[in-house]
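Biologist: Please take a close look at one part of this model, where the protein meets the DNA, and carry on into the hollows of the protein if the account allows it.

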Amino acid sequence: MKLNHLNEMQKQAVIHTEGPLLILAGAGSGKTRVLTHRIAYLVEEQDVSPYEILAITFTNKAAKEMRERVEALIGGHPRGMWISTFHSACVRILRNDIDKIGYAKNFVIYDTSDQLVVMKEVLKQLDYNDKIFPPKSMLSRIGSLKDELIGVKDFSDRSKGNFRDERIALVYEKYQNKLKANNALDFDDLIMRAVQLLMANPTELSFYQQKFKYILVDEFQDTNYAQYKLASMLASKHKNLCVVGDDDQSIYGWRGADVGNILGFEQEFPNTKVIKLEQNYRSTKKILDAANGVVANNKSRKKKKLFTDNNEGEDLQYFCAGNAYGEAEHVAKTIVGLMDSENKKLSDFAVLYRTNAQSRVFEEIFNKANIKYRLYGGTPFYGRKEIKDVMAYLRIIENTADQVSLGRVINVPKRGIGLKSIEKILEYAEMNESTFFDALIDVHHIGSLSGSAKAKICNFAELIISLIEKKADMSVTEIVEYIYEKTKYIDILEKEKTVEAQSRIENLQEFLSLTVDFDDNSEIKTLEEFLVTTSLQTSLDTEEDGENAVTLMTLHSAKGLEFPVVFLPGMEESIFPSHMAIKEGNEEEERRLCYVGITRAMSKLYLSHATQRTIYGRVCYNSISRFINEIPDELIARDTKYNRKKAVRKTTTSPLFRGEMLEAKKEKITYDSSQVIRTGSKVIHPTFGIGTVITFKDDMASIAFEGKGIKKISTSFVKLTVC
DNA sequence: TGCAAATGCTTTTTT
DNA sequence: AGCATTTGCA
């Protein structure tokens, strides 16, 4: 196997196969290449069986990519090798042996919205006020407990004496019991339960320890305690644990990721070999220097400095726009310009923003400018109501204990089973200590229900039963078609004749093409398998390859990707760094996020800032981001009259600081001065559309909009286009 | 039961 | 602003 296209450090990382290995891989230093070569090297040169290798990533996409690259290197299918995410590896372990910790093997996986349903029920039953115990924050608290492998018992013990925590411990207990009764696990359970299973069952643990002679973990800086524990447990026999990560790219601390796992790795694993990959192959010198300059401001980090043999490159471009629209227009113009002058393709560009809300303006402007884009994130396909409904039917068929799903669709589409009827069924179930589903079947014995209610419930129960009977000899597609047919879901939507209903129908049809794809291509074609893969899938996984479009995504989703030209808009205090981060003192993580953003760029980087921006419907005047000022001055070309010293002084905690407001207002008027608004002018308003100016004094205009009435508009706050 | 109106949120979100 | 959820009323 040829390794001569690897640099010295990369080569060492590939051939050092025995014992713990920590690879500190800077951005763009070729870590995926190292990982894949390492796996290929083990198989080809060291005669390691693929069966003995476990490679863990965080995303399905990364796992898929790694698998493909390994296949390309060894020229074939690595049979028996586990290349998977933490979660799917855990599902695999749990599927085999979860009965040993009191679950049934056909468990379902609950997503965030399912969790919320369960949590609300818990709080209701405990009679806790959901203002004092908000369901969402209860879930996030419990989530972090699970990330740290703190079970119900542990937490209840350690919260003694703390009034609030004692109560939360009850919530936790009840929540876990409910999940178990539904034979369901949430995402955090997947990891925690897998660890619990292995800890409680030495036979199973030693089976996996024996099996996995070589373990690799990618993005190690993003592991939480539970994931770390899982990896180290599995590796404790052979001690061939190779972890790859970059503490400077740790951006998921808020989700329980612990940089300590990477920083303390050498202490935890004696005789760890440490290899640093510091040569960057991605970016120009100037881009890299900018990234280094920013991240150097962080106090807690392993000292390192990326270098590159790449060209010096161009200056970074900085632009100060009047508002978010001006900012997006500038980006659009730059894209069009570069396509023209440098033959760039749409897919060469990425716009990376801090919050999803920022995408809207870009979408609007790109649509106007006829720039094709691909938006990542947002509501995932599987999160759509209609899709969740179909999935709920499927989940019930697989696991009738799943009350959340039953509750979800018992009256969807509407079949006249109301809340009161459901309560009566629940009562009956509780009295007889049966499941909700069994109560449905027994519906005739529920005296409190009216005859018509009984009939409706009976119909529903029969539908489910017929589905269960048929599932064995039907493909997933056939089952779904059967559900559509029997529930008349699509027919009912068609009668609505609304745009939403139409898009729901399209989604339901799209869902069928997913099931067809599954039926054709999946190795295991059971409904159970379909449910697992879909539960663990996200919007990021559905890629249309070869698509020529500009990428729009958050900085978080951009990790691991690269683009020739990158735009970082919204470089403003309280956007980036976000006001939450400033308030909670998480500045360093934001800075790392900025580092991630800058290092996505290969040859061109554009940063921008808008003096005025509407956030949550309020107009804000944010000062320029501290991160801009941390980029060495000589690397940036400033396409503006903006004065750096002034901005540094201007930085305040409140975005609505008075002085800034006045200053910004002045600037804004200059921005719009090319337009002449007078009585009778036809103007275009970004939200109201076309209108006619009735009166205009100072900067206030009364404008009549077609079908929207007369609005008073401040022309210095809203960008009006005169036509 | 079903709807419209009122209210409440809102950083990031690999699974 | 935009969205989702809850509330209040017919």
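Modeller: A polar contact is taken here as a pair of N or O atoms within 3.5 Å; within protein, one must be able to donate a hydrogen and the other to accept it, and residues adjacent in sequence count only if both atoms are side-chain atoms. The model is predicted, so local features need pLDDT of at least 70 and side-chain atom pairs pLDDT 80 or more, totals for chains, interfaces and linings use all residues, and side-chain values rest on heavy atoms, without hydrogens and water. Residues are numbered from 1 along each chain as written, while chains are lettered from A and ligands numbered from 1 in written order.

With that criterion, an N or O atom in the side chain of Arg 255 lies 3.1 Å from a base nitrogen of DNA strand B, and a polar side-chain atom of Trp 254 is 3.4 Å from a base oxygen of that strand. Thr 554 addresses the backbone instead, since a side-chain N or O atom of this residue is placed 2.5 Å from a phosphate oxygen of DNA strand B. Thr 554 also belongs, with Tyr 252, Arg 354, Gly 418 and Thr 538, to those that come nearest among the 28 residues around the strand (near meaning a heavy atom within 4 Å). Seen from the DNA, 53% of the strand B atoms within 4 Å of the protein belong to sugar or phosphate, and the rest to bases. By class, this surface has 9 nonpolar, 12 polar and 7 charged residues, where Ala, Val, Leu, Ile, Met, Phe, Trp, Tyr, Cys and Pro count as nonpolar, Asp, Glu, Lys and Arg as charged, and the others, Gly among them, as polar.

Turning to the hollows, the second largest pocket is lined by 41 residues, and Ser 522, Glu 523, Glu 529, Thr 533 and Gln 537 lie nearest its centre. Its lining has 14 nonpolar, 14 polar and 13 charged residues. On a 1 Å grid over the protein atoms alone, a pocket is an open set of points with protein on both sides within 12 Å along at least five of seven lines, a cavity holds points where a 1.4 Å probe fits but cannot get out, and lining residues have an atom within 4 Å of a point.

The largest cavity has a lining that divides into 5 nonpolar, 2 polar and 3 charged residues, including Arg 95, Glu 398 and Glu 528.
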